[in-house]
Structures are given as structure tokens and as C-alpha cells.
Amino acid sequence: MTPLSPPSATRLPNGFVIRLARGLQRPAPDVLLTDAPARLLRLSPAALPYLAGVDNGQLTVHDDVSAALARRLLDTGAAHPVPTQREADPAEVTARVTLVIPVRDRADQLATLLGVVAGVCQVVVVDDASGDPVPIAGVCAGAGARLIRRDVNGGPGESRNTGLQYVETELVAFCDSDCRPQPDWLARLIPLLDDPATAVVAPRVRGDCAAGRASRRDTATGTPRADRWADVLHRFEALHSPHDLGAVPARVQPLGRVSYVPSAAWLARRCALGDGFTPGLRVGEDVDLVWRLHRAGWTVRYEPSVSVRHRGRGALGPWVSQRVGYGRAAAPLSRDHPGWAPPLAAHPATVAAWVAAAGPLPWGPLLATGIIGGSVGLLARRLPLATAAQRYSFALRYAGLGSLRSARQVPHAAVRQWWPVALPLLGLAPRRVQVALAGGWLWDALRDRSRESGEVPEPLGLGPYLALRLADDLSYGTGLWAGALTARSTAALRPRLDAGRIAGPARQS
């Protein structure tokens, strides 16, 4: 199942607005350095006046040169579209979008969702062989949504494919029945598809804080209920959810800072999706389709200024099973997309420095310092800066920060993807390695919690949060190893040690 290729002409329309990416480095007026993935971009003399005149980091396309510059910046991750450049009016949403909702035995949640989206656009609900289809049918009839019933349960991917067969509009949106989008989410995402090279735009999918509070009270009387696990799990998901990819926009691509977007909420070009999701994939079907779109030449964008609330699992057993299922998806993804789903991806020099520093040799840290110093020297030689001092100063800063970011992956992978092997071996490791791995995992968990706590009413306490964070990692790793054993392949377990290299220099002409 191959998505259709993007159009050959992908000039951005006049009036399209982009903003330079956060963290973009400009070591010289005509040099840009992007991150995740790292790429060196040189600007031509014709492009320099356009970039010099940007206001608040924004550039508006108004002629062929600015269109070519904006396209290059978007394609290299040096800039992102501005989501507020315009907002689609209700008539445009109605005419251009059909919303497909896969559902199974969630009539109450479907009713809540339809209360937000009914009347905004055409709606197709696909009942994926619910045990009792009558409530689903009643909710759809009351909201005026078209109902398609599947006789055999196929999972969300195949349900969306069923819905795609009934879409006649230019754009198709997907939203799962356990989601609660902003009322204007489609109107705010449509302008990002003014870029003819973009196939999918996805909002930020955040844990539903209200679900946690509701689980503690009876909806009819407002009296407290004894549903402690649902409360704890919903409050955890508000702080750390596999669907929540953060607050920074991104061009979605394998090995990038954002490598996929969950299809719990998408807006897409119908023509780009081809036959849709791969049949038979019940988990990871969205990752697979995003990567197939990337391979076909399309762009997928993540826009966190638009948000959708997602209600997670309310019981511990289904919650653990979901995480195990996510882990099992890594094996087929690694089979179909070799090298794109590693548990760890790092520059070879960084890996060599880690091994030297963690080894038993007393002079290992000194050797690690020498390895990093050598990589700094090689990077400095490639930078098109005027003086040696500028080159080495910038290379030292960039390589140092890159090494620290890469080092964060090690404790994460040891506890999450590799724990069946890493945790037993940890008892044999030097004390400094034990402290570094445990401290790295703890620091990463605390950093994520502190980043989200300010936006979450009644955030989960530190102890329960850390316990569930560990359970999340161990459950995912269990599924990962089970999937690898079933597939008889170690591809999903092997690190990728050629990542982190700087591509370029690419020139904007």
C-alpha cells in the first residue's frame, strides 16, 4: 500500500507565512544549522535580504524568491508554518472536510465527540463490530452522522480505511471516539494544508484532565466514587502520555525530534493517503503510514498550538496491555522501515566516548574527552565561518550540547527498550555507571513532570507518577521483546550508531 506521490509543483502560495524554528542556530549571516536532524544550510546572496528583513522571525511569501527560500527552510526543518496566518471559515470547513470516527462500544464518548463536531463538517462513523450496536446507531441518528457498520472487528486502522471509502471531499479528518477536540480545530489546521507538499497535519493530543476528575464523582449526583485507579491513570496521562508529543511544532520524519503523530486526531489530503492504513496492523498503523508518506515525498506536520484531549485507559490491566501493544509494534515497523525505529540513535563518536568513559580503564574519562575533542575538530573544519576561533567555539558548543542530548537516550533505552538485559547487567557495572543510568532516568522523568505540572490541575503526586512512569517503560519493553521474539528478529532491539551526523552544506539558490 503506497501513498500517492505529491504534486511536482509545490510552490508555496503568496501570503503563506513561516516562522524560523526555535533553537535554529546562525553562526554566520549566510549559514543556518538545524537540529534533529542536524543540517547545515547555506544561503545564497539572493536569499539573504529576505531573511535579514524578517519580522519576529516570520517570513511571508510574496514572490518566487521568497517562495523558494520558504520552501527550503520548511523542508530542512529551519522553519515551520505559522498556524494563525488565517482561519478557515465554517463554509470552507463544511465544503472541504469529512470527519471519520472509528468506534467500538463507546456510545457515551461518541456522543460527547459528536456534540462538538456535528454540523461543523460531514461526519462518517464506522462502528467496528460493537457488541451492542443499538446505542451507537441512536447517537449517530441524533447527531445526523452517517453510520457504517463493520461485521468483523478490524481495529482502528481498518475502520478508518472503511470510512475512507465514503469520503468525497478534498480533505479527511480522523478523530477517535475517546477524543475531545477544540471546536475550531479543523478551521485552524486547514491553512497549513495551503502548502501543496503537506499531506497530514496533526494537533497536540493531550491527556484529558477532566476524565480524572470525573472518575472521582458520579455524573448524576456529583458524589464521590471509589474509582481510584481511573483517577490516578488519567492524572498520569495528563503529565505523560504516549500521544502527547510536546509543545514545539515540527516537521515529522523518521529519527527527527518528532518521528510520528498519532492518528487519534489528523487532518489529511484524501488523495495523499491512497488506500490508507496497512491492513492487519492494530498498533503502530499511524507510524507506518506517516513513514510511508515521508518515503513517498510528502510532508507531515505537527502543530501543538491546536490541541485535542484524549481519554486514556481507566483501569490498570488495559493500561498495561496498551503499553505492551505499543512495544510489540516496534518489530513490524523495524521490518518494514529498516533503521527508522531504533531504541537509540547516536553519533559514532558519542557512542565511543560513552564506552570509554564507562569502561574499567582508569584513564577512560580522559580517552572520552579526547574522542569528543576530535569530533569537535572535524566539525570545526566543515563550518563555513570566517575565523578558526569562530569555527572551534561554535563546534565546541554544538558538539557538547549534542553529546548531552544523545546521552539522555542511554538511561531511557536501558530502562525502557533493553531492560530485560540491561537491568541484570547493571548489577555488574561500575558504581559510576549505575549512578549515571539511575540518575539519568530519574532526571528525565522529573523534567517531563515539571514541564507539564504547571498546566495540569491537581497533578499526580511524585511517588505515584514515578511508579507509573517505570511501569510504562517496563511494559513497553516487555512488548518490544515479545514482538522481537515473535518476529524472530533483533532489528527493533539494535541501536543505530550512524545518526547525529550533520548533513550538508546544502545551498539555497
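Q: What does contact mean for the protein chain, and what share of its contacts between residues at least 6 apart in sequence join residues at least 24 apart?
A: Contact means heavy atoms within 4.5 Å, and among contacts between residues at least 6 apart in sequence, 76% join residues at least 24 apart. This is a predicted model, in which local features need pLDDT of at least 70 and side-chain atom pairs count only at pLDDT 80 or more, while totals for chains, interfaces and linings use all residues. Residues are numbered from 1 along each chain as its sequence is written, and side-chain values use heavy atoms, with hydrogens and water left out.

Q: How do you know whether the radius of gyration of the protein chain agrees with that of a compact globule?
A: The radius is taken over C-alpha atoms, and the globule rule is 2.2 Å times the number of residues to the power 0.38. For 509 residues a compact globule would come near 23 Å, and the protein chain has 24 Å, so the value agrees.

Q: Why is G163 called buried or exposed?
A: Buried means under 20% relative accessible area, exposed over 50%, and partly exposed in between, with a 1.4 Å probe and protein chains only. G163 has a relative accessible area of 0%, and therefore counts as buried. G163 lies in helix 6 (residues 155–164), helices being DSSP runs of H or I with at least four residues and strands runs of E with at least two, numbered from the N terminus. Leaving aside neighbours within four places in sequence, G163 is in contact with V100, V124 and V126.

Q: What makes the span of helix 11 agree or disagree with what is expected?
A: The expected span is 1.5 Å times one less than the number of residues. Helix 11 (residues 316–328) has 13 residues and should span 18 Å, and because its end C-alpha atoms are 18 Å apart, the two agree. In this helix W319, Q322, R323, G325 and G327 are buried, and the buried residues pack against helix 9 (228–239), helix 12 (330–336) and helix 19 (462–487).

Q: Why is D105 called partly exposed, and why is R488 called exposed?
A: D105 has 44% relative accessibility and so counts as partly exposed, whereas R488, at 80%, counts as exposed. D105 sits in the loop between strand 7 (97–103) and helix 4 (107–117), and has a positive phi of about 55° although it is not a glycine. R488 is found in the loop between helix 19 and strand 16 (503–508), and its phi, near 55°, is likewise positive in a residue other than glycine.
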